[in-house]
Structure formats: C-alpha cells, structure tokens
Amino acid sequence: MNNHTILILTNSIGGLHSFRKEVVKAIVDAGYKVYISVPDADNSKADYFREIGCRVVQTTFNRRGVNPVADLKLMLTYRKMIRQLKPVAVLTYTIKPNIYGGMACRLTHTPQLANVTGLGDAVENGGWLQKLTVALYKMGISKARRVFFQNQSNRSLCVRFGIAREDSVLLPGSGVNLKHHTYQEYPKDEGKVRFLFIGRMLKDKGIEEYFEAAKAIRQNYPNTEFQTLGNVEGPFHARLDELVKEGVVKHLGTTSDVRPYIGAVECTVMPSYHEGMSNVNLESAANGRPVITTDVPGCRETVDDGVTGYLVDAKSLDSLIAAIEKFIALPYSEKVLMGQEGRKKVEREFDREIVVKAYMEEIAAI
C-alpha cells in the first residue's frame with residue numbers, strides 16, 4: 001500500500017452529500033485520508049466533508065459540455081492529481097469523472113472503483129452518439145478494478161458492449177439513510193389528495209406529462225392538489241407560471257430537505273424516462289408514501305406495482321392519468337397501507353448500509 005489516501009472524483013458536492021456521505025464517512029473512520037475533487041468546492045455542502053477531515057479540491061469542468069480539448073484537459077488534471085497524491089484507490093461517480101478519471105487511473109496504474117449512476121440517452125438511444133459514448137466508456141471504465149451499477153438493465157447493457165466485466169456489482173442504487181428518512185405518519189383523511197413531483201423540471205423527468213395529468217385530473221377531481229418541488233429548467237418557466245396562475249399546480253420552490261414536503265402529501269409522482277436508481281422514489285417510500293412512477297430501469301425496481309404504488313408507461317399521459325385516478329379511488333386505509341409497504345420494501349432492499357459495506361470490502365481488498 002503506497003499510502004493511506006483515497007481520491008474521490010465527482011461532478012457535484014451536493015450529490016455526494018445527499019447520497020454518498022455515509023460512504024465517505026466510513027472511509028474516513030477507517031483511517032484513510034480522503035481528497036474530493038469537484039467543480040463546486042465552494043458550495044456550503046463541502047463544509048460537511050471538511051469538518052470530518054476531507055480535503056476538498058476545486059476542479060472546474062462543464063458537466064454537460066462536449067468539448068474534446070476541455071475533456072482532455074480534465075483527464076490530464078486528474079492524472080496530475082493522482083500522480084501527486086498516489087492514492088490506494090480512486091472512487092469515481094457520474095459520467096465525466098468515470099470516463100476521464102478512469103483514463104487517468106489507467107495511465108497511472110491506479111485501482112478505480114467506478115459507480116455508474118445512469119447511462120443517459122446517448123447509450124440507450126442508439127446511433128452515432130451511442131457508438132462514441134460506448135467508446136469513451138470503454139476507455140474510461142473497462143479496466144476499472146470494480147464497476148458498481150445501480151440497476152440491472154444498465155449493467156447488462158455495459159457487459160454486452162464490453163464496457164464492464166461480468167464481475168461488476170449491482171448495488172441498490174445509492175441506498176437510503178433510514179435513520180434520516182424515517183417513517184412519517186400518513187396525513188389525516190380530510191378528503192384531499194395531494195401529489196408531489198420532486199426534481200429538476202426537465203423533459204426526460206416526465207414533467208410535461210405531470211403538468212398535463214394535473215390539468216386533466218383537476219377538472220374532474222377538484223379535491224386534488226398537484227405540487228412541484230425543485231429547480232425549474234429553461235422552457236418550463238413560462239408553462240409553470242401559467243399553471244400556477246390557473247391554480248392547476250402549486251410550486252413549492254427548492255429545498256435542501258425534502259422530508260417535510262413528502263410528509264405533507266398522500267403520494268409522490270416520478271414520470272421519468274430513465275434513471276440510474278430514483279432516489280426520489282426511494283426517499284418517498286422510506287417516509288411512508290406511495291409512489292407512482294414509470295416502468296423503466298431505475299424506477300421499476302423502487303415500486304412493487306399495486307403494493308407500494310403504481311407503475312405506468314413512460315411518455316404516456318393516458319397511463320399516468322389512469323394510475324392517478326386509480327390511486328384517488330383507493331380507500332384511505334389502503335393508501336396508508338401502500339405507504340407502510342413502501343417503507344418495508346426500502347428497509348428490506350435499499351438500506352444505504354448495504355452500499356457502505358460493499359465499498360469498504362472493496363477498499364479493504366486492494
């Protein structure tokens with residue numbers, strides 16, 4: 001062992017804090033010196049990691065940009081960092097750190113533990129962009145010591161394309177911290193049914209279908225309320241403003257703690273087109289709320305259809321409306337039971353401690 005250093009490469013300190021801080025804390029507690037490389041080191045969430053003893057390093061890059069020169073520069077920055085720190089392992093999360101951090105690990109012969117949190121449209125839709133992305137992924141993570149996947153569909157696809165080996169490991173997403181997300185009593189039966197969409201308002205999160213479903217349902221069921229919580233992206237500003245004015249949707253702004261908002265509604269809705277593993281769904285279920293979500297990889301695993309919520313067809317307004325109507329028609333006691341079953345499912349299958357244990361075993365084996 002060169003030294004006792006672990007380097008973490010990711011594209012957002014907020015994501016690391018929300019979904020992986022328990023893994024980082026376990027590594028620190030095991031006596032490792034941890035360096036975290038992120039483009040937003042000045043974010044207040046970085047303070048948590050500094051307080052537990054991590055060094056947070058600013059590494060600027062465009063998460064969504066496709067500039068080959070900038071990407072090469074990022075790879076060289078990672079390589080330089082690895083040569084200086086000589087970590088025993090590099091943990092990579094999200095697309096660019098996985099790919100360019102992985103290339104840097106190959107060049108420096110450093111063990112990489114990569115986590116594929118979702119493949120995105122490029123790999124799933126085919127065409128020339130798929131070929132390019134697959135080639136980049138191969139260069140990035142095909143030689144990783146271990147690749148963790150968040151759903152079986154992504155894993156199968158990557159093994160088929162030769163991006164990952166058969167010994168890659170399936171994790172229950174990022175898992176849920178069950179001590180933080182505790183069961184909340186279901187709202188009292190006052191004849192109102194509130195639905196909540198949590199997330200960035202993007203087309204592939206199914207926000208258009210959610211808006212249209214809200215409009216259709218509100219006409220026939222005035223006792224319903226449709227809420228949104230999260231950042232409003234570009235084209236949806238005007239649409240949201242219009243629906244808020246019409247009283248169709250209630251926008252709650254943004255938050256760093258979703259729990260009170262989940263606790264105040266009867267059901268959460270996530271009509272996403274693709275996910276690595278939907279943390280929103282897992283957190284909703286952990287808080288004891290039924291979930292209506294799409295029958296796609298990363299969402300379908302989070303719901304037992306008809307037991308903890310409902311699965312609907314992606315991009316299908318009719319399917320979403322039918323599921324919402326079915327939920328409204330359920331007796332109050334069955335809605336409560338659905339939420340309780342959701343909590344049990346998360347305890348059984350998605351405890352974050354499962355993820356922490358997998359990482360600690362992998363690091364110990366290096």
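The radius of gyration used here is taken over C-alpha atoms, and the globule rule sets the expected value at 2.2 Å times the number of residues to the power 0.38. For 366 residues that rule gives a value near 21 Å, and the protein chain has 21 Å, so the chain agrees with a compact globule. The model is a predicted one.

**Overall dimensions and fold**
- Along the principal axes, the C-alpha atoms of the protein chain fill a box of roughly 65 × 45 × 40 Å.
- The secondary structure of the protein chain consists of 14 helices and 13 strands.
- Among contacts in the protein chain with a separation of 6 or more, 68% join residues 24 or more positions apart.

**Burial and surface**
- Buried residues make up 56% of the 366 residues of the protein chain, where buried means under 20% relative accessible area.
- The area exposed by the protein chain is about 15,900 Å².
- Carbon and sulfur atoms supply 52% of that exposed area.

**Second largest pocket**
- The volume of the second largest pocket is about 190 Å³.
- The pocket is lined by 13 residues, and T60, F61, A70, K73 and L74 are the closest to its centre.
- Helix 3, which spans residues 68–85, gives the most to this lining, contributing five residues.
- By residue class, the lining of the second largest pocket holds six polar, four nonpolar and three charged residues.

Note on methods. Residues numbered from 1 in each chain as written. Predicted model: local features only at pLDDT ≥ 70, side-chain atom pairs only at ≥ 80, totals over all residues. Heavy atoms only, no water. 1 Å grid on protein atoms, 1.4 Å probe; cavity = no way out; pocket = protein on both sides within 12 Å on 5 of 7 lines; lining within 4 Å. Points joined across faces, edges and corners; volume = space filled by probe spheres on them. Helix = DSSP H or I, 4+ residues; strand = E, 2+ residues; numbered from the N terminus. Nonpolar A, V, L, I, M, F, W, Y, C, P; charged D, E, K, R; others polar. Buried < 20%, exposed > 50% of the residue type's maximum accessible area, 1.4 Å probe, protein only. Contact = heavy atoms within 4.5 Å. Areas by Shrake-Rupley, 256 points an atom, 1.4 Å probe, with all protein chains shown as cover.
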